[in-house]
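Trainee: Please give me a close look at the part of this model around the ligand, and then work outwards from there.

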Amino acid sequence: MPVVETSARLRCIACGATPHSAAADFRCTACGDLLEFHLAPPPVSNPEDLKALWLGRRTSPGTALPNSLDQSGVWRFRELLPVIGAENVITLAEGNTPLYHLRRCAQAVGVDHLYAKHQGMNPTASFKDTGMTVAASAALEAGFRWVACASTGNTSASMAAYASRGNMRSLVLIPDGKISWGKLSQSLDYGALTCQLRTDFDGCVRILNELVRQKPVYLLNSVNPYRIEGQKTAAIELLEQLAWQPPDHIIVPGGNLGNSSAIGKALVELRDLNLILRLPRLSIIQAEGANPFYRCVCELGDGELESAKLEPVSADTLATAIRIGNPASWKKALRVLRATGGEVEQVTDVEIAEAKAEIGADGIGCEPASAVTLAGLKKLRARGFVKPGEFVVLILTGHLLKDPDFTIKFHRGDLFEGTSEERHAIQTKSLQRAPIVLDATLSAVVGALDAAETTP
Ligand code: F0G
């Protein structure tokens, strides 16, 4: 079995074992559970010094150099990341993503302060880049020629790009017919060996886990703890953008649950280092058709974490990015939910489509899986968990252009045609903006303009 050497301290989340290296599937060799990094305290331990150091890097003269670590919104925070030799770092100046005010959505939901941290503004248009820069660099440092992942499309797009930049080959396993064209086209163009397997995401994961035990191929799914470390930086950067004043709520989509685990881990570490003085509540939203974590948390109630059980489901949702029935990082996500006092929610595909159009109408846009955050916020607001005066940040995970098919079908009004949700989809009618085909005359266009003037 190939062994992956690591430079920072790994720890098993279940039995606490601290191996010096990880097995090829990144599972604890003693108990089979997931590993995470336990980082030594950073060399600069005064919180104000750390904040100044990170901010200074953003504008340091070195940021003009290509591949500069300081140009990256991930490596800028390297004191909280595992150590990787600078010569092995593969970076595309990832991170540095904007925080947008969602004015109209705020009004519609009934909260005073609603913002979106748009991770879709990364180099390959999803949040995956922040984790991939760290994990792909670790693969390069360890001398691997091949990297691989099972994916619903975004991880594979990101992996393919970073592998090519690092002169490594990449193997993509994706469910046949269940990922968007935008994402598939990225992995092809970035040069991956792309295999569409006749199964779902969970089936792809099973095969990949067997493959990495047989072949010297480096696993880049989010069970790889380097991915989690890189994805932490979205939360660090968010807090920096908010002048280190924590929001009341952060809301994330839940699929394989790596991202929520990463953001929660960052928040706890920032609090432990006194970089923030209180924890925001981190809430996780799943699609109703892919909701094993939601069910698990509801069933557990106030029970002991150790007694929690996750029953895999057969997943189905139009938000293909989170069409996942057996999420790998559910125990990590459960821990951060408890640590921060967050909640879980589930939302239907119609609610997702509606929220996506609302985020679009605010001039921002995102892919369907990201829109679960706004749809979930509406429910958390209705339950009274989120209060009107509170400050809320949604993590938008992917760019609008990742899945144009979904968007076009929605606006044409045929997204839910022939499905069990067709009746409910009527509620989204007022948000639909189908293209209008006209004769090429001035009067036809003026007629369309005048007609539009009478609609909101
Ligand atoms: N949003 C988007 C756009 C995603 O692509 C994913 C996951 C998630 C949310 C959920 O994040 O898995 O960390 O809970 N996409 C993976 C992929 C599974 O293969 O691209 P998670």
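Mentor: Quick definition to begin with: helices here are DSSP runs of H or I with at least four residues, strands are DSSP runs of E with at least two, and both are numbered from the N terminus. This is a predicted model, where local features need pLDDT of at least 70, side-chain atom pairs count only at pLDDT 80 or more, and totals for chains, interfaces and linings use all residues. Residue numbers start at 1 along each chain as its sequence is written.

Now to your ligand. There are 22 residues around the ligand, and S151, N154, G255, N256 and G398 come nearest (a residue is near a molecule if its C-beta atom, placed from the backbone, lies within 6 Å of it). Two or more residues apiece come from α4 (154–165), α9 (258–272) and α13 (368–382). Of the elements, α9 gives the largest share of the shell, at three residues. In chemical terms, the shell has 16 polar, five nonpolar and one charged residues. For that count, Ala, Val, Leu, Ile, Met, Phe, Trp, Tyr, Cys and Pro are nonpolar, Asp, Glu, Lys and Arg are charged, and the others, Gly among them, are polar.

Stay around there and check L257, which sits in the loop between β11 (249–253) and α9. Its phi is positive, about 75°, even though L257 is not a glycine. L257 counts as buried because 28 other C-beta atoms lie within 10 Å. The cut-offs, with C-beta atoms placed from the backbone, are 20 or more other C-beta atoms within 10 Å for buried, 12 or fewer for exposed, and partly exposed in between.

N154 leads us on to K128, a residue of helix α3 (residues 128–141). K128 touches N154, T155 and S158, leaving out residues up to four places away in sequence (contact means C-beta atoms, placed from the backbone, within 7 Å). With 33 other C-beta atoms within 10 Å, K128 is buried, lysine or not. K128 also lies 9.8 Å from I228, C-alpha to C-alpha, with their positions 100 residues apart in sequence.

Next, the packing. The largest nonpolar core has 126 residues, and A136, V147, L220 and I263 have the most contacts inside it. Domain 1 (1–38) and domain 2 (99–124 + 246–424) each give this core at least three residues. Such a core is a set of buried Ala, Val, Leu, Ile, Met, Phe, Trp, Tyr and Cys residues joined through C-beta atoms within 7 Å. V147 makes a good example: beyond four places in sequence, its contacts are A136, A139, M159, A163, M168, S170, V217, Y218 and L220. As for the two domains, whose bounds come from an automatic or database assignment, their centres are 29 Å apart, taken over C-alpha atoms.

A few other spots are fun to click on. W54 belongs to helix α1, and it is buried because it has 21 other C-beta atoms within 10 Å. Outside its local sequence window of four places, W54 contacts R76, F77 and E240. F77 is 23 residues from W54 along the chain, yet their C-alpha atoms are separated by 6.2 Å. The opposite picture is H101, in strand β5 (residues 99–101): H101 and I90 are 11 residues apart in sequence but 32 Å apart in space, C-alpha to C-alpha. H101 has 13 other C-beta atoms within 10 Å, so it is partly exposed. The loop between α1 (47–58) and β5 holds N96, a non-glycine with a positive phi near 55°. N96 is partly exposed too, given 16 other C-beta atoms within 10 Å.

Last, confidence. pLDDT, the predictor's own 0 to 100 confidence in each residue, averages 95 over the protein, with 97% of residues at 70 or more. By element, mean pLDDT runs from 42 for strand β1 (residues 3–5), the lowest, to 99 for strand β14 (residues 391–396), the highest. Residues 1–7 stay under 50 throughout, and the model gives them 17 contacts beyond four places in sequence. Where pLDDT is low, the predicted coordinates should not be read in detail.

Technical notes:
Two residues are in contact if their C-beta atoms, placed from the backbone, lie within 7 Å.
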